[in-house]
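Please open the structure in a viewer and keep a selection tool at hand. The tour below proceeds stop by stop, stating what to select and what is found there.

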Amino acid sequence: MPRDAHVARLVAMAGKGWFGLPFFSLTPRAEVVSCVLSGGGSRASFQLGALDYLYRHDEQFTPTIFVGASAGSIIASSLAQSAEREGQREYLRRLRSIWDAMTEPNDMFTPRPWYDRLATEGPQWLELVRPARPEPKPAPPKPRPPLLQFLRTEATSSPSPPEPVTAPNPLELALTPDSETPVRSEWSLNALSTIASHLGRLPRLGSDLNAIAHGLDATKSMYRPGPVLVELLREEMFFPARVSASGATLRIAMVALESGELRFMTEKGTLVDRNNQPVGTATHDLGVGVLASCAIPAVFRPVPIGAETYVDGGARENLPAELAIGHLGAARNYIVSSQSTGVHRRASMADADLFSIVMRSTEILIDEAGRDELAYAHSAGSIVIYPELSVHDAMTVDPALIAINEAYGWLRAAEQHLHLDAAAEARHRRLIEARLRALQAENDYLAAAEPDKRQNAALASAKTALRDAVRSASDSPLPPGANTWWRTWEPRAAAPRIDPPWIHD
């Protein structure tokens with residue numbers, strides 16, 4: 001669609017809504033471009049790859065409005081230090097350099113001492129208080145056949161088959177009072193013997209639990225931000241004064257625990273609400289705002305700002321497109337999300353523990369909210385880039401998976417920019433899936449003390465399939481170095497010391 005016609009169509013949509021949300025409360029300015037970046041933890045690698053493509057190939061991609069949540073706020077704040085294309089590209093290059101240097105989860109999520117102690121010692125402590133398992137009853141002896149076959153007694157009727165076990169009625173389970181299934185202490189000589197054998201450890205158990213309780217109360221989080229955030233917030237990488245003076249507009253999302261409201265910190269350090277209306281007049285440190293936007297509840301500590309305490313903006317909007325599209329006045333909106341749609345199927349959770357049920361429900365809730373946010377962005381005519389394939393989860397830090405996810409972001413950006421058809425999208429998906437399979441074959445090969453012929457063949461086959469997948473997708477721009485993916489080991493914290501065995505000169 002010609003650019004002028006596109007702008008006219010957007011102007012015509014002013015005042016209309018989608019599920020009650022505004023499309024535009026301002027007349028879009030034709031020359032203004034916005035970029036919205038979702039949260040997603042370490043999956044921000046997808047966004048870094050997509051942005052790399054856009055800065056290299058999309059001449060219209062020079063945003064002067066940035067909106068971000070959580071990990072997206074880090075990228076948005078960094079890029080907003082310049083309103084010029086080349087300046088933004090340089091900050092993106094620095095971001096990718098820091099992201100690609102991560103080698104393990106501790107680089108992004110460093111466990112608090114109390115949580116590390118709990119994770120290490122907890123299973124052993126449970127053994128101290130877990131009821132002893134009853135000794136298995138010996139199987140009844142089989143009847144001995146008579147020595148003389150003709151002295152056998154008359155055959156008795158065969159026992160009736162056991163009754164099938166039926167699942168309890170869900171309504172009965174829900175309405176049965178707990179008192180009908182009392183908890184009993186399983187004390188026995190065996191249990192007392194187990195406790196007695198660990199008496200020397202009980203004082204330590206008490207002091208450890210005390211330390212854990214104090215650590216939990218003091219930090220209110222399982223992790224602290226790892227070294228990567230320190231690198232990202234160094235003055236040469238990020239300086240709030242540069243953002244304020246750049247001329248770019250910035251909004252980073254966070255949620256106030258006291259009021260429950262979604263807020264945004266601006267490039268000046270002030271706070272606005274979801275309608276871009278001021279919330280007070282105080283000015284705050286933008287670096288602290290970035291920290292608040294990334295404060296995943298329970299994972300990182302909540303951040304006090306002014307009279308309220310803030311956590312990750314993703315608690316309300318993981319993809320805050322409404323503010324950019326509805327209130328900031330850009331005519332061309334790029335929405336880049338690192339969150340794929342859909343959740344992986346799990347095995348039966350009928351007997352799952354409470355924590356697993358809560359986490360799974362939260363995962364589903366976030367997925368549903370993400371679908372709505374993407375649908376809103378699509379309905380407003382935005383350029384929407386998101387993964388259909390989940391390469392890794394938000395807390396996985398693996399150099400190979402990060403590199404693959406960056407490549408996937410590049411390919412998905414190319415699909416939108418070049419308006420590629422479904423066949424090209426399918427080729428790109430097969431390419432990423434082939435690279436993931438090759439990575440698994442590498443891991444299997446390197447994990448073996450002495451790889452056998454089967455593992456050698458599997459690795460060679462996976463790498464050959466990757467080569468063919470790259471060639472099949474060569475009709476569209478591929479990420480730099482794509483032609484060498486099949487010839488080299490994937491990135492690792494410690495590079496393999498052997499030459500690729502599937503390459504034969």
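In which helix does P240 lie? P240 lies in helix α10, which covers residues 240-246. Helices here are DSSP runs of H or I with at least four residues, strands are runs of E with at least two, and both are numbered from the N terminus.

Before continuing, please note how the model is to be read. This is a predicted model, in which local features need pLDDT of at least 70 and side-chain atom pairs count only at pLDDT 80 or more, whereas totals for chains, interfaces and linings use all residues. Residues are numbered from 1 along each chain as its sequence is written, and side-chain values use heavy atoms, with hydrogens and water left out.

**The whole chain**

Display the entire chain as a cartoon. Its secondary structure comes to 16 helices and 13 strands. Of the 505 residues, 42% are buried; buried means under 20% relative accessible area, exposed means over 50%, and partly exposed lies in between (1.4 Å probe, protein chains only). Among contacts with a separation of 6 or more, 73% are between residues 24 or more positions apart, a contact being heavy atoms within 4.5 Å.

**From P240 to helix α11**

Return to P240, which counts as partly exposed because its relative accessibility is 26%. Add E267 to the selection: its C-alpha atom is separated from that of P240 by 7.7 Å, although the two positions lie 27 residues apart along the chain count. Apart from neighbours within four places in sequence, P240 is in contact with D285, L286 and G287.

Those contacts lead to helix α11, residues 286-293. D285 caps the N-terminal end of this helix, with a side-chain oxygen 2.8 Å from the backbone nitrogen of G287. Helix α11 is mostly covered, as 6 of its 8 residues are buried; these are L286, G287, G289, V290, A292 and S293.

Next, select A298 in the loop between α11 and β10 (303-305). The phi of A298 is near 75°, a positive value in a residue other than glycine. A298 counts as partly exposed because its relative accessibility is 47%.

**Helices α2 and α14**

Two packed helices are described by the angle between their axes and the distance between the axes. Axes are lines fitted to C-alpha atoms, for helices over the stretch in contact, and angles run from 0 to 180 degrees between N-to-C directions.

Select α2 (residues 44-57) and α14: their axes come within 6 Å and cross at roughly 45°. The two helices are therefore oblique to each other; angles under 35 degrees count as roughly parallel, over 145 as roughly antiparallel, 65 to 115 as roughly perpendicular and the rest as oblique. The crossing of α2 with α14 is right-handed, meaning that the near helix is turned clockwise from the far one by less than a right angle, while anticlockwise would be left-handed. Residues to display at this contact include F46, L48 and Y53 of α2 and I402, Y408 and W410 of α14.

**The loop after α14**

Proceed to H419, in the loop between α14 (399-418) and α15. H419 has a positive phi of about 55° although it is not a glycine. With a relative accessible area of 71%, H419 is exposed.

**Helices α15 and α16**

Now select α15 (residues 422-447) together with α16 (residues 453-472): the axes come within 8 Å and cross at roughly 160°. Helix α15 is therefore roughly antiparallel to α16. This crossing is left-handed. The contact residues comprise 12 nonpolar, 3 polar and 7 charged; Ala, Val, Leu, Ile, Met, Phe, Trp, Tyr, Cys and Pro count as nonpolar, Asp, Glu, Lys and Arg as charged, and the others, Gly among them, as polar.

**The last stop: R435**

Is R435, in helix α15, buried or exposed? R435 counts as buried because its relative accessibility is 4%. Its side chain is joined to that of E490 by a polar contact of 2.7 Å. A polar contact is a pair of N or O atoms within 3.5 Å; within protein, one must be able to donate a hydrogen and the other to accept it, and residues adjacent in sequence count only if both atoms are side-chain atoms. Leaving aside neighbours within four places in sequence, R435 is in contact with A403, I404, A407, L466, W485 and E490.
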